[in-house]
Amino acid sequence: VYAAINDPSKVVIVGTAPSVRVGLGEEFGNPIGTNVEGKMVAALKKLGFDWVFDVNVTADLTILEEGTEFIGRVLNGGKLPMITSCSPGWIKYIEHYYPDYLAHLSSCKSPQQMFGAVCKTYFAEKMGLDPKNIVVVSIMPCTAKKFEAQRPEFVTEGAQDVDFVLTTQEVVQMIRESGLDYPNLESDSLD
């Protein structure tokens, strides 16, 4: 991630899971449950990320896509119940221990993976960027998201949808290593 941030030919986009804005606050002395979104955004921009987005946007896309898929299954006699495909730990568990249930999983990408795909297609086109120069980083509370990003089905035209996944703790480490005075950062807004 540091190499990408320091490469002027790369546009580094970061997407954060909703819980990150609370987990960071706890790590820097805020009471449990404090939303520090503005400070989080400021820190990420100071660390060198070019764009800071909220993965909630693609969580909404996931809901719409899964809802459409569910309606199609109901109307066309598809496999029910339909089970969400958002948790990579759950997916791996089913693959290993209950492969007979694979047909029940939604075909939709998780919000993290939709985020990466949208950044390297729609966003790239809208901003006039070459997708090959975009590096997508997600910040997630679940370490299984690192594995998910590496799965072969999430590679488009030879490039991963999500290039790197950081945990909340890894971002805390980056902030501390950088010497940022996190508690005194002025809030900034998501892109």
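**Valine 55, strand 3 and helix 4 in a predicted model**

Both faces of strand 3 are covered in this predicted model. Ile134, Val136, Ser138 and Met140 are buried on one side, and Val135, Val137 and Ile139 are buried on the other.

Trainee: How many of the residues of strand 3 are buried?
Mentor: Strand 3 runs over residues 134–140. It is largely enclosed by the rest of the structure, because the buried residues number 7 of the 7.

Trainee: In which sense do strand 1 and strand 3 pair, and which residue of strand 3 is the bridge partner of glycine 15?
Mentor: Strand 1 covers residues 11–16. Its pairing with strand 3 has 6 bridges and is parallel. In strand 3, glycine 15 has as its bridge partner serine 138.

Trainee: Which residue in strand 6 stands opposite isoleucine 139?
Mentor: Strand 6 spans residues 164–167. It pairs with strand 3 in the parallel sense, over 4 bridges. Opposite isoleucine 139, strand 6 places leucine 166.

Trainee: Where does valine 55 lie, and is it buried or exposed?
Mentor: Valine 55 sits in the loop between strand 2 (51–54) and helix 4 (56–76). Its relative accessible area is 5%. Buried means under 20%, so valine 55 is buried.

Trainee: Which residues does valine 55 touch, not counting residues up to four places away in sequence?
Mentor: One of them is Met140, a buried residue of strand 3. With that sequence exclusion, the full list for valine 55 is Gly15, Thr16, Ala17, Pro111, Gln112, Phe115 and Met140.

Trainee: How far apart in space are valine 55 and glycine 89?
Mentor: In sequence, valine 55 and glycine 89 are 34 residues apart. In space, C-alpha to C-alpha, the separation is 19 Å.

Trainee: What span should helix 4 have, and how far apart are its end C-alpha atoms?
Mentor: Helix 4 has 21 residues. At 1.5 Å a residue, helix 4 should span 30 Å. That agrees with the distance between its end C-alpha atoms, 30 Å.

Trainee: Which helix do the buried residues of helix 4 pack against?
Mentor: The buried residues in helix 4 include Thr58, Thr62, Glu66, Glu69 and Arg73. Their arc around the axis is only 80°, so they lie on the same side of helix 4. The buried residues of helix 4 pack against helix 6 (111–127).

Trainee: Which exposed residues does the face of helix 4 turned away from its buried side carry?
Mentor: Take the face turned away from the buried side of helix 4. Its exposed residues are Val57, Ile63, Leu64, Thr68, Ile71 and Leu75.

Trainee: What phi does glycine 77 take?
Mentor: Glycine 77 comes just after helix 4. Its phi is positive, about 70°.

Conventions:
Residues numbered from 1 in each chain as written. Predicted model: local features only at pLDDT ≥ 70, side-chain atom pairs only at ≥ 80, totals over all residues. Heavy atoms only, no water. Helix = DSSP H or I, 4+ residues; strand = E, 2+ residues; numbered from the N terminus. Buried < 20%, exposed > 50% of the residue type's maximum accessible area, 1.4 Å probe, protein only. Contact = heavy atoms within 4.5 Å. Pairing = 2+ DSSP bridges. Expected span 1.5 Å × (residues − 1). Arc of directions from axis to C-beta.
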